[in-house]
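Take a walk through this protein chain, one part at a time. Keep the picture open as you read.

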Amino acid sequence: MSTSQQPDPQGRPARLTVGVVGAGRVGPALAASLQLAGHRPVAVSGVSDASRRRAELMLPDVPLVAPAEVLERADLVLLTVPDDALPGLVTGLAETGAVRPGQLLVHTSGRYGTKVLDPALRVGALPLALHPAMTFTGTPVDVQRLAGCSFGVTAPEELRLAAEALVIEMGGEPEWIAEQMRPLYHAALALGANHLVTLVAQAMELLRAAGVEAPDRMLGPLLGAALDNALRSGDAALTGPVARGDAGTVAAHVEQLRTHSPQTVAGYLAMARATADRALAHGLLKPELAEDLLGVLADRGVGTGRVNGSDGTDGTDGTDGSEGEAR
């Protein structure tokens, strides 16, 4: 068992021994960042061959052991497992006596706050929820990308300073998220980041089908400018045929997508309806142009939406795949 000094709940954590339960893409990167800050990774657990290779790459010379042994060796334990696996893991570790009083347990789930760690809290652990708002590759580049990365932080008030200090030591920026707002916070990130990847991948496929040899080179400046404008100006940055009310162009888009990539039609129409709603609400889409656009967006195969409001049929029947959950 480690004899390192325990963390000070009121301030900067002491130099800690660090363990990782779940060597996915996130855990080893965070442990490596903590190592740069002077903490000492001492144990990591991983099940798959990929996770074991990742741990060896990111945390060389750190032994691979069972989860219970990770907790035995470490003062600070990173629980970096899939969201759905986290409650069962915490309960199991607490019930088997693996959790020690005064031990920092940090999970990185965006969905959960600290309540999911209650079984460990009841046996004396110190619970923290530190979610890095970044996508991870599972390679050393992730450590560099943590510089300036925002972390969604949830912790008991007495541990708030320690939680924020850990984030700062990893190069991140702490952003306080209330316990009850964690699911909404996570939904916002999934909407922005996960769906962006899908949209970009679809756009690249369509450009290739149109004969563009380097769709990434074509999209890079365009999407970079669009993202920058959106972050600076919000809805005022909306451009394109939907915001202009150019129903004929939108109809041509739908026709071409139906011919060349029918699996993208539902997504195009759903995003076009959302764009029309926002453009109309912010005075970008003229009401007199909305009616023609409505006819195009009320696609028979997807449902009959209304601009600036839905009658409940677009998406609720599952035909546009909206029942799926992005992570």
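The buried residues of helix 11 pack against four partners: helix 8 (182-209), helix 10 (241-244), helix 12 and helix 13 (287-297). Keep in mind that this is a predicted model. Which residues of helix 11 are buried? They are Ala-247, Val-250, Val-254 and Leu-257. These residues cover an arc of only 90° around the axis, so they sit on the same side of helix 11. Now look at the other side of helix 11. There Glu-255, Thr-259 and His-260 are exposed.

Check the length of this helix too. Helix 11 runs over residues 247-260, which makes 14 residues. At 1.5 Å a residue, the expected span is 20 Å. The C-alpha atoms at its ends are 20 Å apart, so the model agrees.

Next, follow helix 12, residues 265-281, to Ala-281. Is Ala-281 buried or exposed? Its relative accessible area is 57%, and exposed means over 50%, so Ala-281 is exposed. The C-alpha atom of Ala-281 is 9.5 Å from that of Asp-235, although 46 residues separate the two along the chain.

Asp-235 also has a charged partner. Side chains of opposite charge can pair when their charged atoms come close. Arg-278 and Asp-235 form a salt bridge, with their closest N and O atoms 2.6 Å apart. This pair links distant parts of the chain. Arg-278 belongs to helix 12, while Asp-235 lies in the loop between helix 9 and helix 10, 43 residues apart. Asp-235 has 16% relative accessibility, so it counts as buried. Arg-278, at 45%, counts as partly exposed.

How many salt bridges does the structure hold? There are 7. One of them joins Asp-228 and Arg-232, with the closest N and O atoms 2.8 Å apart. Both residues lie in helix 9 (residues 215-233), and they are 4 residues apart, so about one helical turn separates them. Asp-228 is partly exposed at 34% relative accessibility, while Arg-232 is exposed at 67%. Another salt bridge joins the side chains of Glu-164 and Arg-160, at 3.3 Å from N to O. This pair lies in helix 7, again 4 residues apart, or about one turn of the helix. Arg-160 is partly exposed, with a relative accessible area of 27%.

Turn now to the nonpolar interior. The largest nonpolar core has 34 residues. Leu-76, Leu-78, Leu-128, Leu-130 and Phe-151 have the most contacts inside it. Several elements each supply at least two residues of this core, including strand 1 (17-21), strand 5 (126-132) and helix 7 (160-169). Helix 1 gives the largest share, 5 residues. Leu-128 touches many residues beyond its neighbours in sequence, among them Leu-104, Val-106, Thr-154 and Leu-166. A second, separate core has 21 residues, including Val-42, Leu-79, Leu-89 and Leu-105.

Helix 1 also holds Ser-33. Its relative accessibility is 4%, so Ser-33 counts as buried. Beyond its neighbours in sequence, Ser-33 is in contact with Val-143, Leu-146, Glu-169 and Met-170.

Finally, step back to the whole chain. It has 13 helices and 7 strands. Of its 327 residues, 43% are buried. Among contacts between residues at least 6 apart in sequence, 60% join residues at least 24 apart. The accessible surface is about 16,800 Å², and 56% of it belongs to carbon and sulfur atoms.

Notes
Residues are numbered from 1 along each chain as its sequence is written. This is a predicted model: local features need pLDDT of at least 70, side-chain atom pairs count only at pLDDT 80 or more; totals for chains, interfaces and linings use all residues. Side-chain values use heavy atoms; hydrogens and water are left out. Buried means under 20% relative accessible area, exposed over 50%, partly exposed in between (1.4 Å probe, protein chains only). Contact means heavy atoms within 4.5 Å. Accessible areas come from the Shrake-Rupley method with a 1.4 Å probe; for residues, only the protein chains shown count as cover. A nonpolar core is a set of buried Ala, Val, Leu, Ile, Met, Phe, Trp, Tyr and Cys residues joined through side-chain atoms within 4.5 Å. The expected span of a helix is 1.5 Å times one less than its number of residues. The arc is that of the directions from the helix axis to the C-beta atoms. A salt bridge is a side-chain nitrogen of Lys or Arg within 4 Å of a carboxyl oxygen of Asp or Glu. Lists of a residue's contacts leave out its neighbours within four places in sequence.
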